[in-house]
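Work through the exercises below with the sequence and the model at hand. Each task is followed by a solution in steps.

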Amino acid sequence: MTTRRRFLAGSMALVGMALLDRAAAAPDVQSRSSTETAPPLWLASGQPYRPVVTLNGWTLPPRLRDGVKEYHLVAEKVRREFAPGMTVNCWGYNGSTPGPTLEAVEGDRVRIYVTNRLPEHTTIHWHGIRLPNGMDGVGGLTQPHIAPGETYVYEFLLQRSGTFMYHPHSDDVLQVAMGMMGLFIVHPKNPRERPVDRDFCFLLHNWDIEAGTATPKPTTMTEFNLWTFNSRVFPAIDPLVARKGDRVRVRIGNLSMHDHPIHLHGYDVQVTGTDGGWVPKSAQFPEVTVNVPVGAMRVFEFTADAPGDWPLHCHKLHHTMGPMGHNMPNMLGVPHADIARKIGQLVEGYMAMGETGMAEMQAMQMELPENTLPMMAGEGPYGPLEMGGMFTLLKVREGLARDDYRDPGWYRHPPETLARKV
Amino acid sequence: MTTRRRFLAGSMALVGMALLDRAAAAPDVQSRSSTETAPPLWLASGQPYRPVVTLNGWTLPPRLRDGVKEYHLVAEKVRREFAPGMTVNCWGYNGSTPGPTLEAVEGDRVRIYVTNRLPEHTTIHWHGIRLPNGMDGVGGLTQPHIAPGETYVYEFLLQRSGTFMYHPHSDDVLQVAMGMMGLFIVHPKNPRERPVDRDFCFLLHNWDIEAGTATPKPTTMTEFNLWTFNSRVFPAIDPLVARKGDRVRVRIGNLSMHDHPIHLHGYDVQVTGTDGGWVPKSAQFPEVTVNVPVGAMRVFEFTADAPGDWPLHCHKLHHTMGPMGHNMPNMLGVPHADIARKIGQLVEGYMAMGETGMAEMQAMQMELPENTLPMMAGEGPYGPLEMGGMFTLLKVREGLARDDYRDPGWYRHPPETLARKV
Amino acid sequence: MTTRRRFLAGSMALVGMALLDRAAAAPDVQSRSSTETAPPLWLASGQPYRPVVTLNGWTLPPRLRDGVKEYHLVAEKVRREFAPGMTVNCWGYNGSTPGPTLEAVEGDRVRIYVTNRLPEHTTIHWHGIRLPNGMDGVGGLTQPHIAPGETYVYEFLLQRSGTFMYHPHSDDVLQVAMGMMGLFIVHPKNPRERPVDRDFCFLLHNWDIEAGTATPKPTTMTEFNLWTFNSRVFPAIDPLVARKGDRVRVRIGNLSMHDHPIHLHGYDVQVTGTDGGWVPKSAQFPEVTVNVPVGAMRVFEFTADAPGDWPLHCHKLHHTMGPMGHNMPNMLGVPHADIARKIGQLVEGYMAMGETGMAEMQAMQMELPENTLPMMAGEGPYGPLEMGGMFTLLKVREGLARDDYRDPGWYRHPPETLARKV
């Protein structure tokens, strides 16, 4: 191993000057650690498309040079607030996990500088994009791994519009588990192709973070305890807001270890795209739960004709909860107040599962370990929502102006709920 | 918390009279705890559709008042026999889990009274049905939770035919885990639209019930030990019986935590519907294993042209077994009769996994803990079937009269097996 | 039980002569334990189809007698090298797991002799094939189980072309978990129907084999530690090799307990078939990740227009790793060199998870328990690949002759990699 390391160090020295040049040529690094949903990115130079809204995320503005769109991604440690009360030691890009969304247009040539500020090597694979083999980003196979401190440059032509992802292909179990992922949206060249009024996107992920700690455990394979949309959990995931009558597109990618059946209340939708391209009309069919397989994307569309607050959530019900003790003894139907009281005298903060159910958990507002979220949370106009994890709302409102989609505040403070008891 | 509870109690008192009125106006409660498949419900008033058969379940007859179909669902504790030898403490509706199937027609207005006899609050969400936001049944968001003792009324117009579900949206991890779920079938207004001769439906579920106990553990997330069709396990699941030449529809919903690939022997089928609606012809394709995602429904159809006894089962093979010791030491290929004999002298009822395989398990008929099913069961005409869990038979028979579909006994005692060794 | 056994022994004696006759009439047993990909089987008698390539497997040559294609499968214990350094005690057919691929043509009559050399009874179910009920292979239901030493004969007409499987339907949890499975390809009668230039097939499986042991644990339900294509793991899975411009078909079946999203780099593909038949053009849509449900098959096609080395792998990232300690303490970001050194003095071969990530694992080349594979392996032209499990390469090359598909050596030694850093 020593020999090998020395050899690598030598070859690195040889290309050292080239690396410095690359980093120097790259666009300035733009970084953002805010968890607020950024407004859609309208370029000053104009663009033939309506930009996407990345839930609790942002789009990285490109630099245009010699007809090439240039981006600079920095792989680095980031701290992400999953919800107020819990901040996680993640890895990501440019200050956030997911990294910033990249948006470009079919036919664009893109050049992406990737600087590695992680403690180990990395690469980026451009999931779903057709490109020359040498640009595929598979460490060891199509390129050397990018060593810490190094900057690597990818360049390719975007042959097709669609919904793609980027993530490492170096030590990828660990690096993806830590939050390294991002969306890559390629808009059609023809602005009249597949137009929508609102276009939302986010990535699904899972995490195993022991109560009271802040670092995900990358070796967990099936039993996770936190389930996120863009590395956020309910009630801290921003809503998807639309005007009544809008055509809405939602693009969802999954880099977790489980598939997630994403259920929308109040509507039926059509899957119109995958990370492989667009689904022809003849192959579309109505669904209310779109199952997003692991390592895949699903794009669905609908017309927002029903006003109201409509849940959008994973239908694996444990994925709509905060962390819970899955090994608690089963006290359902067992009167145990006296037992619980006795244990409580011995063990500080002891919680026994409810005798009548778990709903009382949210009401009780127990003390939790540091940096740990409750099992159930969220207050609605009519009481507790008893949710967590992969849960947010589609808010459809009437009577708003066409410019709403450009208004950053609008996502965070939409008009009041319309849900009313009849 | 005390303050909060007192506040709630106060607001409950204010609406108390209204609640009493509601309960009084509701149709009489119809309850059924039998696990026998009820015959299809033909209304005395006539109906423009062939009713469904709910496997080991039943359809709740509506009351027609002022042109509205009225139903009364009671959320309550129920005891369900999963198979002879095992009865489980569940939660359900009107005496059973799943609750009774609701059947109505596209264009109907329905009014559903929901009385809560559980020890904690609940609501009902009408999964897949398009309705006003206030009728969506999301506790805290679109309505107050229904407190124990309260009756709540839902009312909406059925805009589309299709295959839907109902389940709680209050403490839903626990309440669904305990068995609260039901089917909601909306038939097309036009009786010539999508006609079939036989129409079967059931719901998939998973349970974690420790050997020797009777109460499901609602916190389990992935490692369950019982897998059911309509809260029944093989060999206690009724068969699907059809005449040769019948057009058959099967509607399956999944409220478990795993997707279930439902495999039918002897036929290829087409998925013709989801909980979002009907699949157009152009999007259909042949399958022998229909994967039903969590929180979703799949409707498939075929023509019963091949007589015989054809298994219909989940193809995740552990889901076609009874409870088993997943942490048993691996004795395969290890001669251990002597060891087993010695342990057996120390531990009563000790079972070591087979040295030659597990088939001997069924033959051995070991003693089991109380209220616990064997790992493998079922006798066929040619010997042991070595199955359990999500497994039943499609029985296709020749020469039966058209009225078979109305005969309650016919489902339980179809003509003898046709399977013959050639 | 004694009574039952004696009864069975008696009935066996009665049919003993018939069994001897059957075994005598069967074609000679052809067996193969090599893990090298056999060249496609071109019959001396000619055939109206291009044969398939079974990755690291082979096709069983039929015997033609009186217009019937006859095969002889022997269920037996086999030892399978998953990769150099690890050999597993499996069960399979004719010396291998998966068993040999069967290939025939739509309209063929096939007769399959099955001899049981296992220590327990078995049967074979012909998954996806339409046949008389008595030929369905369900032990106890459609035939007696085949006792050890017995030979059973199946015979049926192949009504449809397609992609099918065979596996036991006796004690199937255990027998499939041990590796009993095989592919059954039925080619269209018309050679101009659905032609491709290359046709690859393999089966997905999971295994739980404790470090240092060689026998799979058949009771494991979700947490496996080895994930295979045709009972092989990376880097010991042969590549899929194609010429630039070839039309390529890949057929994948899944007999594991998890669905596997199979991701192909550099291409988008169309699913053109399932184990139920062919998908009509109108229902096809582009994908880069084809999710293969459990107990199902997916056939996809693409035109190999992009030269290079393109990964083909499961996108559940833990499935592209060798066995790993999923219960290791999480040392990420925790300086622990000193602790590790101290533990190392006490425990020989102790490994702590990386402080900077897991990439160093491959470089370290730690000592492993006997018969145990590393967590990450594989060397590419640019360094370590850090992969394992369900990972191989599609190698697309230019300038080869049309005869490549007949050349056995070509699969193992394709021309050098084309991947080049731009």
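**Exercise 1. Strand pairing in chain B**

Task: In the predicted model, find in which sense strands β21 and β24 of chain B pair, and over how many bridges. Then place both strands in their sheet.

Solution.
- Step 1. Take residues 308-314 of chain B as β21 and residues 391-397 of chain B as β24; the two pair in the antiparallel sense over six bridges.
- Step 2. Check one bridge: Gly308(B) has Val396(B) in β24(B) as its partner.
- Step 3. Extend the pairing to the neighbours. The result is an open sheet of five strands in chain B, ordered β13-β24-β21-β15-β19, with mixed pairing.
- Step 4. Identify the edges. β13 (240-243) and β19 (289-292) of chain B each pair on one side only.
- Step 5. Compare directions. Neighbouring strands of this sheet are turned against each other by 20° on average, direction ignored.

**Exercise 2. Surroundings of a strand in chain C**

Task: Decide how strand β10 of chain C is placed relative to the rest of the structure, and name the strands with which β10(C) pairs.

Solution.
- Step 1. Count the buried residues, where buried requires 20 or more other C-beta atoms within 10 Å. Six of the six residues of β10(C), residues 182-187, are buried, so the strand is largely enclosed by the rest of the structure.
- Step 2. Separate the two faces. In a regular strand the side chains alternate between the two faces of the sheet. On one side of β10(C) lie Gly182(C), Phe184(C) and Val186(C), on the other Leu183(C), Ile185(C) and His187(C), and both sides are covered.
- Step 3. Look at β5 (residues 102-105) of chain C, which pairs with β10(C) in the parallel sense over four bridges. Here Val105(C) is bridged to His187(C).
- Step 4. Look at β9 (residues 162-167) of chain C, which pairs with β10(C) in the antiparallel sense over five bridges. Here Met165(C) is bridged to Leu183(C).

**Exercise 3. Nonpolar cores**

Task: Which residues have the most contacts inside the largest nonpolar core?

Solution.
- Step 1. The largest core has 316 residues, and those with the most contacts inside it are Val114 and Phe184 of chains A, B and C.
- Step 2. Take Phe184(B) as the example. Leaving out residues up to four places away in sequence, Phe184(B) touches Leu102(B), Trp126(B), Ile129(B), Phe164(B), Met165(B) and Tyr166(B).
- Step 3. Note a second, separate core of nine residues, which includes Phe285(A), Val279(B), Ala283(B) and Phe285(C).

**Exercise 4. Chain contacts and symmetry**

Task: Describe the contacts of chain A with chains C and B, then find the operation that relates chain C to chain A.

Solution.
- Step 1. Between chains C and A, 54 residues of chain C are in contact with 47 residues of chain A. Elements giving two or more residues to the chain C side include β21 (308-314), α4 (359-364) and β23 (383-387) of chain C. That side has 25 nonpolar, 20 polar and nine charged residues.
- Step 2. Between chains B and A, the contact takes 48 residues from chain B and 54 residues from chain A. Helix α3 (residues 172-177) of chain B gives four residues, the largest share of the chain B side.
- Step 3. Superpose chain C on chain A: a rotation of 120° with 0.0 Å of shift along its axis does this, with RMSD 0.0 Å. The two copies are thus related as by a three-fold rotation axis.
- Step 4. Locate the axis from chain C. Ala283(C) comes closest of the chain C residues, its C-alpha at 2.5 Å.
- Step 5. Compare the surfaces used. Only 6% of the interface residues of chain C are also interface residues in chain A, so the copies meet through different surfaces.

Conventions
Residues numbered from 1 in each chain as written. Chains lettered and ligands numbered in written order. Predicted model: local features only at pLDDT ≥ 70, side-chain atom pairs only at ≥ 80, totals over all residues. Contact = placed C-beta atoms within 7 Å. Nonpolar A, V, L, I, M, F, W, Y, C, P; charged D, E, K, R; others polar. Buried ≥ 20, exposed ≤ 12 C-beta atoms within 10 Å, placed from the backbone. Pairing = 2+ DSSP bridges. Least-squares fit on C-alpha atoms with pLDDT ≥ 70 in both. Axes fitted to C-alpha atoms, helices over the stretch in contact; angles between N-to-C directions. Core = buried A, V, L, I, M, F, W, Y, C linked by C-beta atoms within 7 Å.
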